[in-house]
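Me: I want to go through this model by question and answer. Please keep the replies brisk.

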Amino acid sequence: TDWVIKAVKGLDVDIIALQEINNGFRFQTVVDGLEGWDGFKANSASYDINLAFLYRTDGPLEMVSIQELMTDLWRPFPRSPLLFQGTFNGQPVAVINNHLKCCGDGVIDSNNSSDEETRRRDACLLLEDYVLQNLNGHRVYLVGDFNDELTDPLENNVFANFLGDPDQWLVTDLNIAQGGSGGWSFPGWPSHIDHIIVNHPLFEAQTAPTQGL
């Protein structure tokens, strides 16, 4: 936990999304060791590999609520997405933390509801629909372990809905995915499966970071 505390203190960030947090005591130890920070850990995930947030409380970010989403949709979401809603410099923001189904053969089999790629594809479609239906006017970040690669052919790409609508969505780590494996989130596999996808209100903030989260 000391190394985690040091790492967080060394980052110039306001919120951190975490996956596979199974020790509540150690998580709270990290929170307690970060002055000006707070945290929230969900408790519903199978095998106790839960989603969590760490977030600053002494800056422009203000937390309004944290809740799990789509808790009854286990097939696309074996770990229910965790939604952070708040404001940043008065602007409404939302961060949806994800840990999608792992594994698969790289092919979307729409005729098989248990197919891993199909489950991840359906999760992406549901996330997009949730944002459009419930987070109008928010600066939205979809983040986490999506357990799939951005560079798959479009017909088997679970992120096709985001990649195919560049007017509404920006996959901020696409250049990393298309680059060398040394920069990937899982270089030992090797694969790049952890992503940050933002909606249209954040496009300008991506080129002017001081104006956005």
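The questions below take up a sheet, a pocket and some backbone features of this predicted model.

Me: In what order do the six strands of the open sheet run?
Reply: The sheet is open, and its pairing is mixed. Its edge strands are E4 (61-68) and E8 (169-171), each pairing on one side only. Neighbouring strands are turned by 20° against each other on average, direction ignored. Read across the sheet, the order is E4-E5-E6-E7-E9-E8.

Me: Which residue in E9 is the bridge partner of Leu170?
Reply: E8 pairs with E9, residues 194-199. The sense is antiparallel, over three bridges. Within E9, the bridge partner of Leu170 is Val198.

Me: What angle does the direction of helix H3 make with that of E6?
Reply: H3 spans residues 116-134 and packs on the sheet. The helix touches E5 (82-88), E6 (91-99), E7 (139-145) and E8. Its direction makes an angle with that of E6 of about 165°.

Me: Which residues lie nearest the centre of the second largest pocket?
Reply: This pocket has a volume of about 340 Å³. Its lining of 14 residues divides into five nonpolar, four polar and five charged. Those nearest the centre are Cys103, Arg120, Asn147, Trp189 and Ile193.

Me: Is Asn147 buried or exposed?
Reply: Asn147 sits in the loop between E7 and helix H4 (160-163). Its phi is positive, near 55°, and the residue is not glycine. Its relative accessible area is 15%. The cut-off for buried is under 20%, so Asn147 is buried.

Me: Why does Met70 count as buried, and what is its relative accessibility?
Reply: Met70 lies in the loop between E4 and E5. It is not a glycine, yet its phi is positive, about 50°. Buried means under 20% relative accessible area. Met70 counts as buried because its relative accessibility is 17%.

Me: What is the omega of the peptide bond from Trp189 to Pro190?
Reply: Most peptide bonds are trans. The bond from Trp189 to Pro190 is cis. Pro190 is placed in the loop between helix H5 (174-177) and E9. The omega of this bond is near -5°.

Methods:
Residues numbered from 1 in each chain as written. Predicted model: local features only at pLDDT ≥ 70, side-chain atom pairs only at ≥ 80, totals over all residues. Heavy atoms only, no water. Pairing = 2+ DSSP bridges. Helix = DSSP H or I, 4+ residues; strand = E, 2+ residues; numbered from the N terminus. Axes fitted to C-alpha atoms, helices over the stretch in contact; angles between N-to-C directions. Contact = heavy atoms within 4.5 Å. 1 Å grid on protein atoms, 1.4 Å probe; cavity = no way out; pocket = protein on both sides within 12 Å on 5 of 7 lines; lining within 4 Å. Points joined across faces, edges and corners; volume = space filled by probe spheres on them. Nonpolar A, V, L, I, M, F, W, Y, C, P; charged D, E, K, R; others polar. Buried < 20%, exposed > 50% of the residue type's maximum accessible area, 1.4 Å probe, protein only.
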